[in-house]
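Grab a coffee and work through these exercises with the model open in your viewer. Try each task yourself before reading the solution under it.

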Amino acid sequence: GTMVPPEGTATPVAFEVVSDGGLAITMTVEGTTPRPLETIVLDGDRLAFSFQMGTDVRCELERQEDGAYRGPCSSADVRTGTLTMEPPSG
């Protein structure tokens, strides 16, 4: 996937999704350590969660026709970027 922060430069992001008795997702932004996503809610075509990246960031993603989830992420200081979670390839 990709993360586009308010500054506008796309950064590669990898996600590890485990759905064994619940939903757990770990996100790794290129050049950083893996971080677990928190307060994950999957409701139909909507995926919402939060994570810590220097501040609390909240994301509200919608499933796209290509199977990816895409939407805005906002931090506590009201800066908004865009996050895309691509479906696994292969």
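**Exercise 1. Decide whether Cys59 is buried or exposed, then find what it is bonded to.**

Solution. Keep in mind that this is a predicted model.

- Step 1: look up the relative accessible area of Cys59, which is 0%. The cut-off for buried is under 20%, so Cys59 is buried.
- Step 2: look for a sulfur partner. Cys59 forms a disulfide with Cys73, and the two sulfur atoms are 2.0 Å apart. The structure holds one disulfide, so there's no second one to hunt for.
- Step 3: place both ends. Cys59 belongs to strand E7 (residues 56-63) and Cys73 to strand E8 (residues 69-75), so the bond links distant parts of the chain, 14 residues apart.
- Step 4: check the other end. Cys73 has 9% relative accessibility and counts as buried too.
- Step 5: get the handedness. The angle about the S-S bond is 110 degrees, and the link of Cys59 and Cys73 is right-handed.

**Exercise 2. Work out the order of the strands in the sheet, and say which strands stand at the edges.**

Solution.

- Step 1: trace the neighbours across the sheet. Nine strands form an open sheet, in the order E4-E3-E2-E1-E9-E8-E7-E6-E5. The pairing is antiparallel.
- Step 2: read off the ends. Strand E4 (35-36) and strand E5 (38-43) each have a single partner strand, so one side of each has no neighbour in the sheet.
- Step 3: take a pairing from inside that order. Strand E1 (residues 2-4) and strand E9 (residues 80-85) run antiparallel and are joined by three bridges. Met3 stands opposite Leu83 in E9.

**Exercise 3. Describe how E5 is joined to E6, and which residue in their hairpin takes a positive phi.**

Solution.

- Step 1: count the bridges. Four of them join E5 to strand E6 (residues 46-52), and the two strands run antiparallel.
- Step 2: pick out a pair. Asp43 has Arg46 in E6 as its bridge partner.
- Step 3: go to the turn. The hairpin has two residues between the strands, and Gly44 takes a positive phi near 65 degrees.
- Step 4: look for a side-chain contact. Ser50 sits in strand E6, and its side chain makes a polar contact with the side chain of Thr39 at 2.9 Å. Ser50 is buried, with 6% relative accessibility.

**Exercise 4. Find the salt bridges, and say which residues are linked in a network.**

Solution.

- Step 1: get the total. The structure holds three salt bridges.
- Step 2: start with Asp45. It pairs with Arg63, the closest N and O atoms being 3.2 Å apart. Asp45 lies in the loop between E5 and E6 and Arg63 in strand E7, so this salt bridge ties together parts that are 18 residues apart in sequence.
- Step 3: check how accessible that pair is. Asp45 has a relative accessible area of 44% and Arg63 has 40%. Asp45 is therefore partly exposed, and Arg63 counts as partly exposed as well.
- Step 4: move to Glu60. Its salt bridge with Arg46 brings the closest N and O atoms to 3.0 Å. Since Glu60 lies in strand E7 and Arg46 in strand E6, the pair ties together parts that are 14 residues apart in sequence.
- Step 5: give Glu60 its other partner. The side chains of Glu60 and Arg58 meet in a salt bridge at 3.9 Å, N to O. The cut-off is within 4 Å, so this pair still counts.
- Step 6: join them up. Arg46, Arg58 and Glu60 are linked in a network of salt bridges. Each member is partly exposed: Glu60 at 33%, Arg46 at 26% and Arg58 at 30%.

**Exercise 5. Which residues make the nonpolar surface patch of about 250 Å²?**

Solution.

- Step 1: name the members. The patch is made by Val17, Leu23 and Leu42.
- Step 2: place one of them. Leu23 is in the loop between strand E2 (11-18) and strand E3 (24-29).
- Step 3: check its accessibility. Leu23 has a relative accessible area of 34%, so it is partly exposed.

Terms used. Residues are numbered from 1 along each chain as its sequence is written. This is a predicted model: local features need pLDDT of at least 70, side-chain atom pairs count only at pLDDT 80 or more; totals for chains, interfaces and linings use all residues. Side-chain values use heavy atoms; hydrogens and water are left out. Two strands pair if DSSP finds at least two bridges between them. Helices (H or I, at least four residues) and strands (E, at least two) are DSSP runs, numbered from the N terminus. A disulfide is a pair of cysteine sulfur atoms within 2.5 Å. Buried means under 20% relative accessible area, exposed over 50%, partly exposed in between (1.4 Å probe, protein chains only). Patches are made of residues with over 30% relative accessible area and no salt bridge: like charges are joined within 9 Å, nonpolar side chains (Val, Leu, Ile, Met, Phe, Trp, Tyr) within 5 Å. Accessible areas come from the Shrake-Rupley method with a 1.4 Å probe; for residues, only the protein chains shown count as cover. A polar contact is a pair of N or O atoms within 3.5 Å; within protein, one must be able to donate a hydrogen and the other to accept it, and residues adjacent in sequence count only if both atoms are side-chain atoms.
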